[in-house]
Amino acid sequence: MAFELPALPYEYDALIPYMSRETLEYHHDKHHQTYVTNSNNLIKQSGLEGQSLEEVVKKSFGANQALFNNVAQHYNHTHFWKWMKKGGGGRKLPNKLARALDSDLGSYDKFREDFLAFGGMQFGSGWAWLVLKDSKLEIMKTSNGENPLVHGAKPILGVDVWEHSYYIDYRNARPKYLEAFVDHLINWDYVLALYEDA
Ligand code: MN3
């Protein structure tokens, strides 16, 4: 079955003023679509056709770089749209997740500080993540399309720090974009769903 671009789970203007319609139109309709189109072309003859997206991500890593770059970005973006919602972010997280952040990372404030720092530190394109590894929450960062699945971890939250995700709205101010994401956009219900599913 071919990979498909998922529809955004909200309207294109739902995330204003933190993320513009123009950013979502370019990022979802153009960038993500390109990863989907490339994935469908590159998977032919790869021997991985018909496998789940997660399996293709893990099996192409280190074996088929061009396919990996595109399927990993398809996986990352498919979740990224759902990791945001109108009126999200901040401390309004479900109790179960709040307790997990407290016990594994110290506190919500420590999570926020480290997640922003990892997103800011990632040199060039990449992602910052909140992952479950060996049953504990950790903050990670990866470059380009790489994601925690290939390091034995399950991503439950990720933020895209490629310039295409913030340049229209924030120009070069990546830290401002990251703060807006954490304080106003995170869909904690979806993070909890992935946490409980892990
Ligand atoms: Mn992107």
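How are the donor residues of the manganese ion spaced in sequence? They follow the pattern H-x49-H-x82-D-x3-H. The structure is a predicted model, in which local features need pLDDT of at least 70 and side-chain atom pairs count only at pLDDT 80 or more, while totals for chains, interfaces and linings use all residues. Residues are numbered from 1 along each chain as its sequence is written, and side-chain values use heavy atoms, with hydrogens and water left out.

The metal site is a good place to start. The protein donors of the manganese ion are H27 (NE2), H77 (NE2), D160 (OD) and H164 (NE2), and they lie 1.9 to 2.1 Å from the ion. Donors here are N, O and S atoms within 2.8 Å of the metal (3.2 Å for Na, K and Ca); water is not among the atoms, so sites may look incomplete. Two of these donors, H27 and H164, link distant parts of the chain, being 137 residues apart. H27 belongs to helix α1 (residues 21-42), whereas H164 sits in the loop between β3 and α6 (167-170). Helices (H or I, at least four residues) and strands (E, at least two) are DSSP runs, numbered from the N terminus.

Are these two histidines buried or exposed? H27 is buried, with a relative accessible area of 1%, and H164 also counts as buried, at 17% relative accessibility. Buried means under 20% relative accessible area, exposed means over 50%, and partly exposed lies in between (1.4 Å probe, protein chains only). Leaving out residues up to four places away in sequence, H27 touches H32, H77, F80, W81, D160, H164 and S165, where contact means heavy atoms within 4.5 Å. Y26, which also lies in helix α1, is partly exposed, with a relative accessible area of 43%. Y26 touches H31 and I168, again not counting residues up to four places away in sequence. The C-alpha atoms of Y26 and H164 are 8.2 Å apart in space, although the two residues are 138 apart in sequence.

Attention now turns to the sheet. Three strands form an open sheet in the order β2-β1-β3, with antiparallel pairing; two strands pair if DSSP finds at least two bridges between them. The edge strands, each pairing on one side only, are β2 (136-143) and β3 (154-160). Neighbouring strands are turned by 20 degrees against each other on average, direction ignored. Helix α5 (residues 108-121) packs on this sheet and touches β1, β2 and β3, and its direction makes about 15 degrees with that of β2. Axes are lines fitted to C-alpha atoms, for helices over the stretch in contact, and angles run from 0 to 180 degrees between N-to-C directions.

Strand β1 (residues 126-133) is joined to β3 by six bridges and pairs with β2 over eight bridges. A128 shows both pairings, with K141 as its bridge partner in β2 and V159 standing opposite in β3. Elsewhere, V131 has P155 as its bridge partner in β3, and L132 has L137 in β2. The hairpin of β1 and β2 has two residues between the strands, and D134 takes a positive phi near 50 degrees there. Seven of the eight residues of β1 are buried, so the strand is mostly covered.

T142 offers a closer view of strand β2. This residue is buried, with a relative accessible area of 4%, and its side chain makes a polar contact with the side chain of W129 (2.9 Å). A polar contact is a pair of N or O atoms within 3.5 Å; within protein, one must be able to donate a hydrogen and the other to accept it, and residues adjacent in sequence count only if both atoms are side-chain atoms.

The largest nonpolar core has 50 residues, and those with the most contacts inside it are F80, F111, L157 and F181. A nonpolar core is a set of buried Ala, Val, Leu, Ile, Met, Phe, Trp, Tyr and Cys residues joined through side-chain atoms within 4.5 Å. Leaving aside neighbours within four places in sequence, F111 is in contact with L101, L105, L130, I139, L157, V182 and W188. A second, separate core has 14 residues, including I43, L53, A72 and V150.
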